[in-house]
Amino acid sequence: MSRIASVPELYAHAIAIEREAAERYTELAVRMHDEGREDLARMFDMLALLEGGHRDALLARTAGVLLPAIPRGRYRWLGDVAPETAAHDLVMRLLTPHNALAIALQAERRAQAFFEGVFATCHDPALRALAREMVAEEQEHAELIERLLENTPEPQLASTVIFAK
């Protein structure tokens, strides 16, 4: 990661991270609805709204501010390929509730680490304060997902033994 040097640059990254999170949580909610896991679907819907709200708040805070462009796929959760690819579809078909939460937790931790890195490497007080605020938001999300993960059993693979004659 190159060093974040300005508040507008941090806002641009934060908006990209929140946009990706809202899109992926919406996608995970749809998957859980399709599986009849309404409890997790509601949770992912809530997380999508939360992330979308953060994105919208950041956009409002930066109205009229020239932000650097961040490539749309930079913070993609499931790789660097377009969402329409077969690999993405396969991951979504095989995704269990436990794995969905694990992916979400990993993404929240990556976002938190990103903002912690900004906080640790910058000297501008305004940039440090903004980075600290974003670390706290991502930490809250990670803690919520950790609690959900603790209450979501890991899938057990059915073991079948096939003997050749």
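Here are legends for a set of close-up views of this predicted model.

**View 1. The whole chain is built from helices.**
Start with the overall picture before zooming in. The protein has five helices and zero strands, and from the N terminus on the elements read α-α-α-α-α. Of its 165 residues, 39% count as buried. The accessible surface adds up to about 9,600 Å², and carbon and sulfur atoms account for 57% of that area. Look at who touches whom, too: among contacts with a separation of 6 or more, 80% are between residues 24 or more positions apart.

**View 2. The largest nonpolar core draws on several helices.**
This core holds 21 residues, and the ones touching the most other members are Tyr25, Phe44, Leu47, Leu101 and Ile145. Two or more residues come from each of helix H1 (7–34), helix H2 (38–61), helix H4 (97–121) and helix H5 (125–150). H2 chips in the most, with six residues. Apart from this core lies another one, made of 17 residues, including Ile4, Ile15, Ile17 and Val118.

**View 3. Phe44 and its neighbours.**
Now zoom in on one of the well-connected core members. Phe44 is buried, with a relative accessible area of 0%. Leaving out residues up to four places away in sequence, Phe44 touches Tyr25, Leu28, Ala29, Met32, Ala100, Leu101 and Ala104. One of those neighbours, Tyr25, is also buried, again with a relative accessible area of 0%.

**View 4. Two aromatic pairs, two arrangements.**
A pair of aromatic rings is described by the distance of the centres and the angle of the planes. The count here comes to two aromatic pairs. In the pair of Tyr25 and Phe44, the ring centres are 6.0 Å apart and the planes sit at 25 degrees, so this pair is stacked. Tyr25 belongs to helix H1 and Phe44 to helix H2, so the pair ties together parts 19 residues apart in sequence. In the pair of Phe114 and Phe115, the centres are 5.2 Å apart and the planes are at 75 degrees, so that pair is edge-to-face. Both Phe114 and Phe115 are buried.

**View 5. Glu51, a buried acid without a salt bridge.**
Glu51 sits in helix H2. What is the nearest side chain of opposite charge to Glu51? It is Arg55, 8.8 Å away, and Glu51 is buried yet has no salt bridge. So who does keep Glu51 company? Not counting residues up to four places away in sequence, Glu51 touches Glu18, Ala21, Ala22, Tyr25, Glu108, Glu138 and His141. Tyr25 may ring a bell, as one of the core members from View 2.

**View 6. Salt bridges along the chain.**
Side chains of opposite charge can pair when their charged atoms come close. The structure holds eight salt bridges. One of them joins Arg31 and Glu35, with the closest N and O atoms 3.0 Å apart. Is Arg31 buried or exposed? At 19% relative accessibility, Arg31 counts as buried, because buried means under 20%. Its partner Glu35 is partly exposed, with a relative accessible area of 34%. Asp56 and Arg55 form another salt bridge, also with the closest N and O atoms 3.0 Å apart. Here Asp56 is partly exposed at 42% relative accessible area, and Arg55 is partly exposed at 22%.

**View 7. A salt bridge between helices, and a network.**
Glu146 forms a salt bridge with Arg109, and the closest N and O atoms are 2.5 Å apart. This pair links distant parts of the chain: Glu146 is in helix H5 and Arg109 in helix H4, 37 residues apart. Glu146 counts as partly exposed at 30% relative accessibility, and Arg109 is partly exposed with a relative accessible area of 44%. Elsewhere, salt bridges that share partners join Glu20, Glu23, Arg24 and Glu27 into one network.

**View 8. Ala136 on helix H5.**
The last close-up is of a small side chain in helix H5, that of Ala136. Ala136 is partly exposed, with a relative accessible area of 35%. Between the C-alpha atoms of Ala136 and Glu116 there are 9.6 Å, and these residues are 20 residues apart along the chain.

Technical notes
Residues are numbered from 1 along each chain as its sequence is written. This is a predicted model: local features need pLDDT of at least 70, side-chain atom pairs count only at pLDDT 80 or more; totals for chains, interfaces and linings use all residues. Side-chain values use heavy atoms; hydrogens and water are left out. A nonpolar core is a set of buried Ala, Val, Leu, Ile, Met, Phe, Trp, Tyr and Cys residues joined through side-chain atoms within 4.5 Å. Buried means under 20% relative accessible area, exposed over 50%, partly exposed in between (1.4 Å probe, protein chains only). Helices (H or I, at least four residues) and strands (E, at least two) are DSSP runs, numbered from the N terminus. Contact means heavy atoms within 4.5 Å. Lys and Arg count as positive and Asp and Glu as negative; His and the chain ends are not counted. A salt bridge is a side-chain nitrogen of Lys or Arg within 4 Å of a carboxyl oxygen of Asp or Glu. Accessible areas come from the Shrake-Rupley method with a 1.4 Å probe; for residues, only the protein chains shown count as cover. Rings of Phe, Tyr and Trp (its six-membered ring) pair if their centres lie within 6.5 Å; planes under 30 degrees apart count as stacked, over 60 as edge-to-face and the rest as tilted.
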